[in-house]
Amino acid sequence: MGILGDSLDKAEVNTFTRPIPRSAQAQMRFLVKHEKGSTRAVARRLGVSQRTVERYLKGQLKRPRRDLAARMATEVRRDWQPRVRERARKRAASSTGIVIETRARFGFTAAPGSTDDGRIRLITQSLPPVYAARLFDARTAGAAEQELQRIAAEGLQEQYFKDGGRRAHDLLVEFTDIDYVELEF
């Protein structure tokens, strides 16, 4: 995924109410339980043999290689606390909105006489629930990174640059050269 998609994932992880399992055995147990007892499905997800999964379950293997440990943690994080994630997304999409902090290049298309040269800006802005819902819907539908960036740019354009419709009515904002993006909901 891209930088904005990864930021959405990271923001979801920050909504967890409990930490993910730490030991390899506990992580493997969680993955097998999530796959309804299928060690074969877990092995496919992790790219290891079914026997390796069984050894971790029994406690015969305890310390996975770095790459396997990273894959296990990623897979556990992907499936951990789905109801907590859903509740946080619904709350953001209906009442609280989403906070975006970014450092990126913003260029403008505006009325004659104004500058349209893009420049790097550091912006922290709260976006209303409408934009949070659009971001979540686009992400669920499998939208490309450019689509997510377009939605975020539109939200920043309306809330930060146009001040909720109180100024710069003809302004169009371009959101490019993203250095970093952090989201919170």
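This report walks through the cores, the largest pocket and some notable residues of a predicted model.

## Two nonpolar cores

Let's start inside the protein. The largest nonpolar core has 31 residues, and Ile98, Phe106, Phe175 and Leu183 are the ones with the most contacts inside it. Several elements each supply at least two residues to this core: helix 1, helix 6 (82-96), strand 1, strand 2 (119-127), helix 7 (129-140), helix 8 (145-161) and strand 3. Helix 8 gives the most, with six residues.

Another core lies apart from that one. This core has 17 residues, and Val48, Leu68, Met72 and Trp80 are among them.

## Helix 2 and its partners

Helix 2 covers residues 24-34, and its buried residues are Ala24, Gln27, Met28, Phe30, Leu31 and Val32. What do the buried residues of helix 2 pack against? Their partners are helix 3 (39-46), helix 4 (50-58) and helix 5 (66-79).

Just after helix 2 comes Lys36, which takes a positive phi of about 60 degrees.

## The largest pocket

The largest pocket holds about 250 Å³ of space. Three elements give two or more residues to its lining: helix 1 (3-13), strand 1 (98-109) and strand 3 (172-184).

In total, 14 residues line this pocket. Nearest its centre lie Lys10, Asn14, Glu182, Leu183 and Glu184. By class, the lining is made up of five charged, five nonpolar and four polar residues. Leu183 is worth a second look: besides lying among the residues nearest the pocket centre, Leu183 is one of the residues with the most contacts inside the largest nonpolar core.

## Helix 1: Glu12 and Val13

Glu12 is found in helix 1. Is Glu12 buried or exposed? Glu12 counts as buried because its relative accessibility is 10%, and the cut-off for buried is under 20%. Leaving out residues up to four places away in sequence, Glu12 touches Arg85, Arg89 and Phe185. With Arg89 there is also a side-chain to side-chain polar contact of 2.2 Å. The chain brings Glu12 and Ala88 together across 76 residues of sequence, with 7.8 Å between their C-alpha atoms.

Val13 lies in helix 1 too, but Val13 is partly exposed, with a relative accessible area of 27%. Between the C-alpha atoms of Val13 and Glu154, which are 141 residues apart along the chain, there are 25 Å.

## Buried acids of helix 5

Helix 5 contains Glu75, which counts as buried at 11% relative accessibility. Its side chain makes a polar contact of 2.8 Å with the side chain of Arg78. Beyond neighbours within four places in sequence, Glu75 is in contact with Leu31, Arg45 and Leu46.

Asp79 is also placed in helix 5, and Asp79 is buried with a relative accessible area of 13%. With neighbours within four places in sequence left aside, the contacts of Asp79 are Phe30, Leu31, His34, Arg45 and Arg85. Which side chain does Asp79 join through a polar contact of 3.4 Å? The partner is His34. Asp79 and His34 are 45 residues apart in sequence, yet their C-alpha atoms are 7.7 Å apart in space.

## A buried lysine in a loop

Lys162 is found in the loop between helix 8 and strand 3. At 10% relative accessibility, Lys162 counts as buried. Leaving aside neighbours within four places in sequence, Lys162 is in contact with Gln157, Arg167, Ala168, His169 and Leu171.

## Positive phi at Gln81 and Asp177

Most residues other than glycine have a negative phi. Gln81 has a positive phi near 45 degrees, and so does Asp177.

Their settings are worth setting side by side. Gln81 sits in the loop between helix 5 and helix 6 and is buried, with a relative accessible area of 10%. Asp177 is found in strand 3 and counts as exposed, at 51% relative accessibility.

Technical notes:
Residues are numbered from 1 along each chain as its sequence is written. This is a predicted model: local features need pLDDT of at least 70, side-chain atom pairs count only at pLDDT 80 or more; totals for chains, interfaces and linings use all residues. Side-chain values use heavy atoms; hydrogens and water are left out. On a 1 Å grid over the protein atoms alone, a cavity is a set of points where a 1.4 Å probe fits but cannot get out, and a pocket is an open set with protein on both sides within 12 Å along at least five of seven lines; lining residues have an atom within 4 Å of a point. Grid points are joined across faces, edges and corners, and a volume is the space filled by probe spheres set on the points. Helices (H or I, at least four residues) and strands (E, at least two) are DSSP runs, numbered from the N terminus. Ala, Val, Leu, Ile, Met, Phe, Trp, Tyr, Cys and Pro count as nonpolar, Asp, Glu, Lys and Arg as charged, and the others, Gly among them, as polar. A nonpolar core is a set of buried Ala, Val, Leu, Ile, Met, Phe, Trp, Tyr and Cys residues joined through side-chain atoms within 4.5 Å. Buried means under 20% relative accessible area, exposed over 50%, partly exposed in between (1.4 Å probe, protein chains only). Contact means heavy atoms within 4.5 Å. A polar contact is a pair of N or O atoms within 3.5 Å; within protein, one must be able to donate a hydrogen and the other to accept it, and residues adjacent in sequence count only if both atoms are side-chain atoms.
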